[in-house]
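Here's a quick briefing for anyone opening this structure for the first time. Have a look at the sequence and the model, then read on.

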Amino acid sequence: MGRGRGLVIGLGLSLLVAACGTPTTPSLDPYQQELAWEDCGDGFECAKLAVPLDYTKPSAEQLAISVIRLPANGDRLGSIVINPGGPGGSGIDYGRAARVVLSPEVRARFDVVGFDPRGVGESAPVECLGDAELDAFLALDATPGTKAELAALESGSRAFARGCQAASGRLLPHLGTVNAARDLDVLRAALGDDRLTYLGKSYGTYLGAHYADLFPHRVRALVLDGGIDPALNRVQLNEGQAKGFSDAFRAYAEDCVAAPDCLLRSRTVDGAVAELAGLLRRTDDKPLRSDGREVTEALATLGALTPLYDRGTWPLLSDALHEAANGDGRLLLRSADQLVGRAEDGTYTNQTEANMAINCADSPSPRTTADFAKAAAESERRVPGFGAFIMWSSLPCAFWPTPATTPIRPLKASGAPPILVVGTTRDPATPYAWARSLAAQLESGVLVSFDGDGHTAYLNGSTCVDGLVDTYLLTGRAPTSGTRCPKIE
């Protein structure tokens, strides 16, 4: 799950920030610590939180978790912790965007707190490959049609797993969402809150749901926007996401072909789907040009998926596909780079590596290339166009050096107060069915549905969603489960 080659759950805004602050003196009890906040510019404060590397041996070794907060500017209720998704999305970056991530009403009453989960960004980041090696890995053919393409994909995936073990082997066994949820509770205590108020988007819903299941009586209000179904394994998640992107592309195409200035050559939805498939096939044989870098089929596919996250970027997809049809892949490559965390100078954030490492830690995957090939073929039959690509994207997990540790089961969070789950009906990265399932699993789950496009719903144009979420965060009063917010006209 998540953006990158692991794949594609959303990360929210990406802003550059360096967290400051130093760890407090580690204690035998991680809950007995105070955060030493330091000014880190633009009204923000930064600190380091000490958590155990291994919760079964809490005094053996600590990790330093980077934390950032924007203090409340009104009658303070407490803190709200936010997570942008991924896995691999930086909560420090997301915290820096607090002024656009939450409404003014919520920001006034809460200190807004972001943190980089373990393995991410500035919190003991996973390292696997150098920048040039990541370039080569991400460009590999992810729909192998020949023995040579399959061998190259397998070799690159093995190298990815070996690189993670070589550079981050001590950390890998202690990644995974259960440990991140335990870190979140240590953070809650260090913030001085008896109960957690939290907004998690995309993968952040998976983290939030595990928190609620582990610590149901420490929940105040959790908003899980763009829900993930914790009862699904890696193969099921990949296929569900492929279906989400397929449906989202059809929604984009339907919107485009209805407009007189649509740049797609076809004037029907089925024709537009065929147009994209044909473009990607041609790119498989002959990469597109783009200022010295080849735009392979894999990069072109990532570039086509990225604008589907936000309905406001659909015109960019039209422009990119129009240029690609004429052999120019620059716009597709720019979108792909945005998705995987590659800067213009060729350097990467660690989001692709963290995404893969956490996904492999969280969910059992097929353990052989042959099993992945079978799953990819079956997924492609059911979801033509994206099924095989997204399934093959997890191939490094077949060679992962540590086993998956997160239980694959429904999460009930028995005894928790109402938990608000928000689902968008045509969400490309976290299909609406996942949100519906998550809300049903949680004993106190409350589902709000948004008839909309794009990834996640809060502050995405629906005043209906925004009002329901704000009221819940400010008062703890949840709406009636099954409430539906209408399409934005």
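Start with helix H10, where Glu 297, Ala 298, Leu 299, Ala 300, Thr 301, Leu 302, Gly 303, Ala 304 and Leu 305 are buried. Keep in mind that you're looking at a predicted model. H10 covers residues 297-305, and nine of its nine residues are buried, so the helix is largely enclosed by the rest of the structure. From there, we can work through the cores, the helix packing and the disulfides.

**Around H10 and Phe 386**

- What sits over H10? The cover on its buried residues includes H4, H8, H9, helix H11 (314-325), helix H12 (330-340) and H15.
- Phe 386 is in the loop between helix H14 (369-382) and H15.
- Is Phe 386 buried or exposed? It counts as buried, because its relative accessibility is 6% and the cut-off for buried is under 20%.
- Setting aside neighbours within four places in sequence, Phe 386 is in contact with Thr 301 and Leu 305, and also with Ala 242, Phe 245, Ser 246, Phe 249, Leu 276 and Glu 380.
- Two of those partners, Thr 301 and Leu 305, are on the list of buried H10 residues.
- For a sense of distance, the C-alpha atoms of Phe 386 and Asp 310 are separated by 18 Å, and the two residues are 76 residues apart along the chain.

**The nonpolar cores**

- The largest nonpolar core has 120 residues, and within it Leu 187 and Tyr 252 touch the most other members.
- Which helix gives the most to this core? That's H8, with ten residues.
- Not counting residues up to four places away in sequence, Tyr 252 touches Leu 264, Leu 308, Trp 314, Leu 317, Ser 318 and Leu 321.
- Another core lies apart from that one, with 31 residues that include Val 223, Val 448, Ala 457 and Val 465.

**How some helices pack**

- Two packed helices are described by the angle between their axes and the distance between the axes.
- H8 and helix H9 (residues 269-285) have axes that come within 9 Å and cross at roughly 120°.
- That angle makes H8 oblique to H9, and H8 passes H9 in a right-handed crossing.
- On the H8 side, the contact is made by Phe 249, Arg 250, Ala 253, Glu 254 and Val 257, while H9 brings Val 269, Asp 270, Ala 272, Val 273 and Leu 276.
- Phe 249 and Leu 276 from that contact also turn up among the partners of Phe 386.
- Helix H6 (residues 177-190) and H7 have their axes 9 Å apart and pack at an angle of about 70°.
- That makes H6 roughly perpendicular to H7.
- H6 uses Thr 177, Val 178, Ala 180, Ala 181, Arg 182, Leu 184, Asp 185 and Arg 188 for this contact, and H7 uses Tyr 203, Tyr 206, Leu 207, His 210, Tyr 211 and Leu 214.

**Helix H16**

- Which residues of helix H16 (residues 432-441) are buried? They are Tyr 432, Trp 434, Ala 435, Leu 438, Ala 439 and Gln 441.
- The cover over them includes two helices, H7 (203-214) and H8 (234-257), along with strands S7 (219-225), S8 (419-426), S9 (445-453) and S10 (483-485).

**The disulfides**

- How many disulfides does the structure hold? There are five.
- Number the bonded cysteines in sequence order and the pairing reads 1-2, 3-4, 5-6, 7-8, 9-10.
- Cys 40 is joined to Cys 46, S to S 2.1 Å, and the link is right-handed, with 75° about the S-S bond.
- Both ends of that link are tucked away: Cys 40 is buried at a relative accessible area of 14%, and Cys 46 is buried at 0%.
- Cys 128 and Cys 164 form another disulfide, with sulfur atoms 1.9 Å apart.
- This pair links distant parts of the chain, 36 residues apart, with Cys 128 in the loop between strand S5 (110-115) and helix H4 (131-139) and Cys 164 in helix H5 (residues 147-168).
- The link of Cys 128 and Cys 164 is right-handed, with 95° about the S-S bond.
- Cys 128 is buried at a relative accessible area of 10%, and Cys 164 is buried at 0%.
- Cys 360 and Cys 397 also form a disulfide, their sulfur atoms 1.9 Å apart, and with -85° about the S-S bond this link is left-handed.
- Cys 360 belongs to helix H13 (residues 351-362), and Cys 397 to the loop between helix H15 (387-392) and S8, 37 residues apart.
- Cys 360 and Cys 397 are both buried.

Notes. Residues are numbered from 1 along each chain as its sequence is written. This is a predicted model: local features need pLDDT of at least 70, side-chain atom pairs count only at pLDDT 80 or more; totals for chains, interfaces and linings use all residues. Side-chain values use heavy atoms; hydrogens and water are left out. Buried means under 20% relative accessible area, exposed over 50%, partly exposed in between (1.4 Å probe, protein chains only). Helices (H or I, at least four residues) and strands (E, at least two) are DSSP runs, numbered from the N terminus. Contact means heavy atoms within 4.5 Å. A nonpolar core is a set of buried Ala, Val, Leu, Ile, Met, Phe, Trp, Tyr and Cys residues joined through side-chain atoms within 4.5 Å. A disulfide is a pair of cysteine sulfur atoms within 2.5 Å. Axes are lines fitted to C-alpha atoms, for helices over the stretch in contact, and angles run from 0 to 180 degrees between N-to-C directions. Angles under 35 degrees count as roughly parallel, over 145 as roughly antiparallel, 65 to 115 as roughly perpendicular and the rest as oblique. A crossing is left-handed if the near helix is turned anticlockwise from the far one by less than a right angle, and right-handed if clockwise.
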